[in-house]
Amino acid sequence: MAETMQTLEELSTLKPAAAVQPPKYVQKLDKQGRAYATGKRKDAVARVWIKLGGGKIVINDRPVETYFARSVLRMLIEQPLVAANRKGQYDVVCTVSGGGLSGQAGAVRHGLSKALMRHEPDLRAVLKHGGFLTRDPRVVERKKYGKAKARRSFQFSKR
């Protein structure tokens, strides 16, 4: 049982409980000096490897300009690099599967952000503030029975 304290002096002799230390993030690299992370968005999954280099981005063995022809999707992918002020400093290689182009671009962005954080743990605050480390939980709602789609009912007719 715990002892009861009678005076304030006895209370001051107690040692304060150790403050909870925030987790220390350390650099995680493989033998080739690459950082790896997995990013997800909607139904798409991206496996991303980054290493120091000239800023070349390759997706599924194709340059980013041919894989993502729309400039909006390319801009979406580069957002973590721009926020961390590291544009043109890392070579990015990734494989993407599932979903459509928009979901795949979001998955690459998520994976790239996590890989940047593993390569340079000091960038965590910048990436977290920009919302790049959070997986977007929005997915397509499933179809329900008795409905044409997830919520749309069949056309009503009085007859």
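These legends describe close-up views of a predicted model.

**View 1. A tilted aromatic pair joins strand 1 and strand 2.** Two aromatic pairs turn up in a search of the whole structure. One of them is formed by Tyr-36 and Trp-49. Their ring centres are 5.1 Å apart, and the planes meet at 45°. That angle falls between the limits of 30 and 60 degrees, so the pair counts as tilted. Tyr-36 sits in strand 1 (residues 35–41) and Trp-49 in strand 2 (residues 44–52). The two residues are 13 residues apart, and the pair links distant parts of the chain. Tyr-36 is partly exposed, at 33% relative accessibility.

**View 2. Tyr-67 and Phe-68 form an edge-to-face pair.** The ring centres of Tyr-67 and Phe-68 are 5.0 Å apart. Their planes stand at 85°, over the 60 degrees that the edge-to-face class requires. Tyr-67 is buried, with a relative accessible area of 12%. Phe-68 is also buried, and its value is 0%.

**View 3. The loop at Gly-98 meets Asp-43 and Ala-44.** Gly-98 lies in the loop between strand 5 (90–97) and helix 4 (101–119). Its relative accessibility is 35%, so Gly-98 counts as partly exposed. Leaving aside residues up to four places away in sequence, Gly-98 touches Asp-43, Ala-44 and Gln-104. Asp-43 is 55 residues from Gly-98 in sequence. In space, their C-alpha atoms are 5.6 Å apart.

**View 4. Helix 4 is largely enclosed by the rest of the structure.** Of its 19 residues, 14 are buried. At 1.5 Å a residue, helix 4 should span 27 Å. The C-alpha atoms at its ends are 26 Å apart, which agrees with that expected span.

**View 5. Helix 3 packs against helix 4 in a right-handed crossing.** The axes of helix 3 (residues 71–83) and helix 4 come within 8 Å. They cross at roughly 15°. This is under 35 degrees, so helix 3 is roughly parallel to helix 4. Helix 3 contributes Leu-73, Leu-76, Ile-77, Gln-79, Pro-80 and Leu-81 to the contact. From helix 4 come Leu-101, Ser-102, Ala-105, Gly-106, Val-108, Arg-109, Leu-112, Ser-113 and Leu-116. An α-helix has 3.6 residues a turn, so residues three or four places apart point the same way. Leu-73, Leu-76 and Pro-80 are among the contact residues of helix 3. Leu-101, Ala-105, Val-108, Leu-112 and Leu-116 are among those of helix 4.

Technical notes:
Residues numbered from 1 in each chain as written. Predicted model: local features only at pLDDT ≥ 70, side-chain atom pairs only at ≥ 80, totals over all residues. Heavy atoms only, no water. Phe/Tyr/Trp six-rings, centres within 6.5 Å; stacked < 30°, edge-to-face > 60°. Helix = DSSP H or I, 4+ residues; strand = E, 2+ residues; numbered from the N terminus. Buried < 20%, exposed > 50% of the residue type's maximum accessible area, 1.4 Å probe, protein only. Contact = heavy atoms within 4.5 Å. Expected span 1.5 Å × (residues − 1). Axes fitted to C-alpha atoms, helices over the stretch in contact; angles between N-to-C directions. Parallel < 35°, antiparallel > 145°, perpendicular 65-115°, else oblique. Left-handed = near helix turned anticlockwise from the far one by under 90°.
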